[in-house]
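These are my notebook entries on one structure. I looked up its helix packing, its sheet and its empty spaces.

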Amino acid sequence: CPTAQMLVLFGPYARGDWVEAAPTHDRVTSEYASQFDILVVPRSAGTAENAGLWRKVEKQIRQFPGRTRTNLLVASLETVNEAIVARSVLFNDIKAEGILLYQSGRPKLANTRRISPGDRRRQAKADFEQWFASAGEFYASGKSNLTKRKFALAASDLYQAVEHLYTAIGLVFTGFVPQTHDLDRLAQRAASYEPAVLSAFPQETD
């Protein structure tokens, strides 16, 4: 693989506890179905930050047959190791439970770090308070701009509100969120921790 130095399957398909949900009546279901979660560690930090490249890769992946969605988590080796050392639940779980699919050379991951329940709870509480509060501020601003018929500003504010809510969920459950503003990707990632978000933000129609 000319771009990646490591591919790791993680999440429910690595643990063996995946779930499936089929579409009903020719419509997209709002139930949660497990995804193939794959950590991609590119050969360079610059490649990891190339959002356009990874959008193209994900678009190509979606053209493959099959109903199971594939979600890529792209991060440089430095970012992964910093997250492990910082006691990120997500990356420590990936190292402990993930299945190595591909490796080029010898990329070395940091040693896993024990995270006490007390420390995790305190960090999750702080993350929730910060991001849920900021989501509320964007929501209030969006409602105000909607009342004033400033529709472009209202749409932007509400977009930010939803993004911050998804960020809150990701940080509370794992201490990490991918560097993306794509609400669909954030929704699927959040739903892997709490499927009820798909009922809160249904996606049956455009």
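Entry 1, helix α5. In this predicted model, I first looked up what the buried residues of α5 pack against. Their partners are the strands β1, β2 and β3 and the helices α4, α6 (117-147) and α7 (151-174). I then listed the buried residues themselves: within α5, which spans residues 89-97, they are Val89, Leu90, Phe91, Asn92 and Ile94.

Entry 2, the sheet. I traced an open sheet of four strands in the order β3-β2-β1-β4, and I noted that its pairing is mixed. The edges are formed by β3 (70-74) and β4 (99-103), each of which pairs on one side only. On average, neighbouring strands of this sheet are turned by 25 degrees against each other, direction ignored.

Entry 3, pairing of β2. I looked up both neighbours of this strand. Strand β2 (residues 36-42) pairs with β1 (residues 4-10) in the antiparallel sense, over six bridges. With β3, strand β2 runs parallel, and five bridges join the two. I followed Leu39 in both directions: Leu39 in β2 is the bridge partner of Val8, and in β3 the bridge partner of Leu39 is Leu73. Why is β2 described as largely enclosed by the rest of the structure? I recorded that six of its seven residues are buried, so the description applies.

Entry 4, Phe36. I singled out this residue, which lies in strand β2. Phe36 counts as partly exposed because its relative accessibility is 31%, and buried means under 20%. Leaving out residues up to four places away in sequence, I found that Phe36 touches Leu9, Tyr13, Thr68, Arg69, Thr70 and Asn71. I also checked Trp18, which is 18 residues from Phe36 along the chain; their C-alpha atoms are separated by 9.3 Å.

Entry 5, helices on the sheet. I noted that helix α3 (residues 51-62) lies across β2 and β3 and runs at about 160 degrees to β3. Helix α8 (residues 183-191) also packs on the sheet, where it touches β1, β2 and β3. The direction of α8 makes about 100 degrees with that of β3.

Entry 6, the largest pocket. I recorded a volume of about 570 Å³ for the largest pocket. Its lining comprises 24 residues, and those nearest its centre are Ala48, Ala51, Gln179, Thr180 and Arg185. Two or more lining residues come from each of α2 (45-48), α3, β3, α4 (77-85) and α8. Which element gives the largest share of this lining? I found that it is α3, with five residues. By class, I entered nine nonpolar, six polar and nine charged residues for the lining of the largest pocket.

Entry 7, the cavity. I turned next to enclosed space. Rolling a probe the size of a water molecule over the atoms shows where empty space is left. How many cavities of 30 Å³ or more does a search of the whole structure find? The search finds one, and I noted a volume of about 40 Å³ for the largest cavity. The residues that line this cavity are Glu58, Arg62, Arg69, Thr70 and Arg185. Four of the lining residues are charged and one is polar, while none is nonpolar. I closed the entry with a cross-reference: Arg185 lines the largest cavity and is also among the residues nearest the centre of the largest pocket. Arg69 and Thr70, listed for the cavity lining, also appear among the residues that Phe36 touches.

Conventions: Residues numbered from 1 in each chain as written. Predicted model: local features only at pLDDT ≥ 70, side-chain atom pairs only at ≥ 80, totals over all residues. Heavy atoms only, no water. Pairing = 2+ DSSP bridges. Axes fitted to C-alpha atoms, helices over the stretch in contact; angles between N-to-C directions. Contact = heavy atoms within 4.5 Å. 1 Å grid on protein atoms, 1.4 Å probe; cavity = no way out; pocket = protein on both sides within 12 Å on 5 of 7 lines; lining within 4 Å. Points joined across faces, edges and corners; volume = space filled by probe spheres on them. Nonpolar A, V, L, I, M, F, W, Y, C, P; charged D, E, K, R; others polar. Buried < 20%, exposed > 50% of the residue type's maximum accessible area, 1.4 Å probe, protein only.
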